[in-house]
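Student: Please take one part of this structure and look at it closely. I would like to see the detail there and then how it connects to the rest.

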Amino acid sequence: MTDQASFQRARSAQAKQAREAAILDAARALGRRRGIREVTLTDIAAEVGMHKSALLRYFETREQIFLDLTAEGWREWSAALRAKLGENRRGTPEAVSTAFAVTLSERPLFCDLLAQAPLNLERNVSIEAVRRFKLVTLEEVALISGELDQLLGLTEQQAVDTVATATGMAGALWQMATPGPRLRELYTSDPRLGHAIVEVEPRLRRVLTALLTGLQTVGH
């Protein structure tokens, strides 16, 4: 945590960027430890060593902070996914599905953010903030779609549907896989509720393999 006295108002563009980066780092660390839903603006301010009113000079709301982290997550995940897809000289539904499932499941914070973005992160920010976020996702989806066209011959719409299915399911499955200690105890104590605990990677891989196999069948 940074000493609050050191966080006087930024006087230059470079200092402002440093403040914003520190705030994002603090929110990222808290999100990983607690889960996005449990982190408040006051928590972030305390973690970074600022008063909440000072933090609001840099981000309009708590949701904007996490929406910016979601955009960052899209760029980072897209680059990792495309690198993994590039390792496949001949694309198959199984190989492509595995690349999606592995790269998403190993990014739990991003999965959490994917679930929270449409539920609340996009709903308490300015229209301009939403526009910036959507443009980032559109750019990354287009890059991923190009890889899917080369590997599997998917149309643009099929590729977009694949990315939407993968990211939407990753967010939902991560929430199911991390129910919290009390619910986890309930699910493990009653054999009838064992299905409530899921593993993100294998289920996501199975669903995407079925989807991509079906899309290739339709294409032929």
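Tutor: Arginine 62 has a relative accessibility of 14%, which is under the 20% cut-off, so this residue counts as buried. The model is a predicted one, and every value here is computed from it. The salt-bridge partner of arginine 62 is glutamate 63, with 3.4 Å from N to O. Glutamate 63 counts as buried too, at 13% relative accessibility. Helix α4 covers residues 62-85, and its surroundings are the part to look at here.

One neighbour of α4 is helix α2, which spans residues 41-48 and has Leu41, Ile44, Ala45 and Val48 as its buried residues. Why do these buried residues line one face of α2? Down the helix axis they fall within an arc of 100 degrees, so they share a face. The spacing fits the general rule: an α-helix has 3.6 residues a turn, so residues three or four places apart point the same way. The buried residues of α2 pack against α4, and also against α1 (13-34) and α3 (52-55). After α2 comes glycine 49, with a positive phi near 85 degrees.

Within that face, isoleucine 44 deserves a closer look. Apart from neighbours within four places in sequence, its contacts are Ile23, Ala26, Ala27, Leu30, Val39, Leu55, Ile65 and Phe66. Among these, Ile65 and Phe66 have numbers that fall within α4 (62-85). Ile44 also stands out in the largest nonpolar core, which has 61 residues: Ile44 and Phe100 are the ones with the most contacts inside that core.

Next to Ile44 in sequence is aspartate 43, which forms a salt bridge with arginine 34, the closest N and O atoms lying 3.0 Å apart. Here the two partners are partly exposed: aspartate 43 has a relative accessible area of 22%, and arginine 34 is at 43%. The bridge joins α2, which holds residues 41-48, to α1, which covers 13-34. Another link of this kind is the network of salt bridges that holds Asp25, Arg28 and Glu72. In general, side chains of opposite charge can pair when their charged atoms come close. A search of the whole structure gives 12 salt bridges.

Further along α4 is tryptophan 74, which is buried at 7% relative accessibility. Which residues does tryptophan 74 touch, leaving aside neighbours within four places in sequence? They are Phe110, Leu114, Phe133, Thr137, Glu140, Val141, Val163 and Thr167. Phe110 and Leu114 have numbers inside α6 (108-119), while Val163 and Thr167 have numbers inside α8 (156-177). The C-alpha atoms of tryptophan 74 and glutamate 139 are 9.7 Å apart, although 65 residues separate them along the chain.

The helices α4, α6 and α8 come together again at the largest pocket. With α1, they each supply at least two residues of its lining. The pocket holds about 450 Å³ of space. Its lining has 22 residues, and those nearest the centre are Arg32, Pro108, Leu109, Phe110 and Asp112. Phe110 is thus a residue of the pocket lining and also a contact of tryptophan 74. Just before Pro108 in sequence, arginine 107 forms a salt bridge with glutamate 106, with the closest N and O atoms 3.0 Å apart. Arginine 107 is buried at 16% relative accessible area, whereas glutamate 106 is partly exposed at 49%.

After α4, a loop leads to α5 (93-105), and threonine 92 lies in that loop. Threonine 92 is partly exposed, at 33% relative accessibility. Its C-alpha atom lies 9.0 Å from that of threonine 209, which is 117 residues away along the chain. Threonine 209 sits in helix α10, residues 200-219, and is buried at 15% relative accessible area. Beyond its neighbours within four places in sequence, threonine 209 is in contact with Pro93, Glu94 and Ser97.

As for the whole, the protein has 10 helices and 0 strands. Of its 220 residues, 44% count as buried. Residues 24 or more positions apart make up 69% of the contacts with a separation of 6 or more. Along its principal axes, the C-alpha trace spans about 65 × 45 × 30 Å.

How values were computed:
Residues numbered from 1 in each chain as written. Predicted model: local features only at pLDDT ≥ 70, side-chain atom pairs only at ≥ 80, totals over all residues. Heavy atoms only, no water. Buried < 20%, exposed > 50% of the residue type's maximum accessible area, 1.4 Å probe, protein only. Helix = DSSP H or I, 4+ residues; strand = E, 2+ residues; numbered from the N terminus. Arc of directions from axis to C-beta. Contact = heavy atoms within 4.5 Å. Core = buried A, V, L, I, M, F, W, Y, C linked by side-chain atoms within 4.5 Å. Salt bridge = Lys/Arg side-chain N within 4 Å of Asp/Glu carboxyl O. 1 Å grid on protein atoms, 1.4 Å probe; cavity = no way out; pocket = protein on both sides within 12 Å on 5 of 7 lines; lining within 4 Å. Points joined across faces, edges and corners; volume = space filled by probe spheres on them.
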